[in-house]
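Got the viewer open? Here's a walk through the model, one selection at a time.

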Amino acid sequence: MSPTKDAVKPRGTRMARADREEVILDAAQQAFAELDFRSVPMDAIAERSGVTKALLYQYFGSKDHLYELCVERARARLFDELEARVAEAEPGWDRLQVFIEHYFDYLEANRDTSWLMYGEASRSVVDEMREKNATTLAGIFESAAEEAGRVPDRVGISVLAHGLVGAGEQVGRWWISNRKVTKKEAVERFLSQSRGTVAAAFAGM
């Protein structure tokens, strides 16, 4: 396997550790996308990255940890994008639509590397990302309640937000493997059902 194009400096070139780690993660992500996790040797990732295998192990310790960091980085990027898009939208229910639409936009753009979203990672990494997404949704619901002149039921809102995050993750997994379903249809149906769930939840708060 050849080094990643335009991303790797020749061995011996001084590079900040953080920059080199990004190069290695990029190379590892490409390798894991082409093959499965078990089939990718660390030698191949080292070659793609333009580093020695010894340095690769020094930085990441194991292939499992390297894989986990690839997944964690992708999920963090998605969260950052979701948070930015939601912040740009008008307060209220429009933010729920923006959140769901951009989630599916991201899945569509990264469909060939969907393992980054749904690959195995440590429980703490997955739980942290789910908690961040639930917190963003809870903020949307709390703002909507306040705009309606209601005192937010934070426990009820938290249950609602976590439930939708779990549902969205599963619907995303399903849509990724069902290419006959258009993104437009998937978004419209999930958004409609989410709004119905939210309306029912708010009626009971």
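## First stop: helix α2

Start by selecting residues 42-49, helix α2: six of its eight residues are buried, so the rest of the structure largely encloses this helix. Buried here means under 20% relative accessible area, exposed means over 50%, and partly exposed is in between (1.4 Å probe, protein chains only). Helices (H or I, at least four residues) and strands (E, at least two) are DSSP runs, numbered from the N terminus.

A word on what you're looking at: this is a predicted model, in which local features need pLDDT of at least 70 and side-chain atom pairs count only at pLDDT 80 or more, while totals for chains, interfaces and linings use all residues. Residues are numbered from 1 along each chain as its sequence is written, and side-chain values use heavy atoms, with hydrogens and water left out.

Back to α2. Colour M42, A44, I45, A46, R48 and S49, the buried ones. What covers them? Bring up α1 (17-34), α3 (53-60) and α4, which are included in the cover. Just past the helix comes G50, with a positive phi near 75 degrees.

## Next: I45 and the core

Now select I45 and show its contacts (heavy atoms within 4.5 Å). Skipping neighbours within four places in sequence, I45 touches I24, A27, A28, A31, F32, V40, L56 and L66.

I45 also belongs to the largest nonpolar core, a set of 51 residues in which I45, L66, F104, L137 and F141 have the most contacts. A nonpolar core is a set of buried Ala, Val, Leu, Ile, Met, Phe, Trp, Tyr and Cys residues joined through side-chain atoms within 4.5 Å. Which helix gives the largest share of this core? Select residues 63-88: that's α4, with eight residues in the core.

## Then: the cavity

Searching the whole structure turns up one cavity of 30 Å³ or more, and the volume of the largest cavity is about 300 Å³. To find its centre, select Y103, N133, V165, G168 and E169, the closest to it of the 20 lining residues. (A cavity is a set of points on a 1 Å grid over the protein atoms alone where a 1.4 Å probe fits but cannot get out; lining residues have an atom within 4 Å of a point. Points are joined across faces, edges and corners, and the volume is the space filled by probe spheres set on them.)

Helices giving two or more residues to the lining are α4, α5 (94-109), α6 (115-118), α7 (123-147), α8 (154-176) and α9 (183-203). α7 gives the most, with five residues.

## Two single residues

Click on G172 in helix α8. Is it buried or exposed? G172 has a relative accessible area of 0%, so this residue is buried. Measure across to S114: the C-alpha atoms are 9.6 Å apart, though 58 residues separate the two in sequence.

For the opposite case, pick A203 in helix α9. A203 is exposed because its relative accessibility is 67%. From A203 to V171 is 25 Å, C-alpha to C-alpha, with the pair 32 residues apart in sequence.

## Zoom out

Finally, show the whole chain: nine helices and zero strands. Its C-alpha atoms fill a box of roughly 65 × 35 × 30 Å along the principal axes. Of the 205 residues, 42% are buried. Among contacts between residues at least 6 apart in sequence, 71% join residues at least 24 apart.

Conventions: 1 Å grid on protein atoms, 1.4 Å probe; cavity = no way out; pocket = protein on both sides within 12 Å on 5 of 7 lines; lining within 4 Å.
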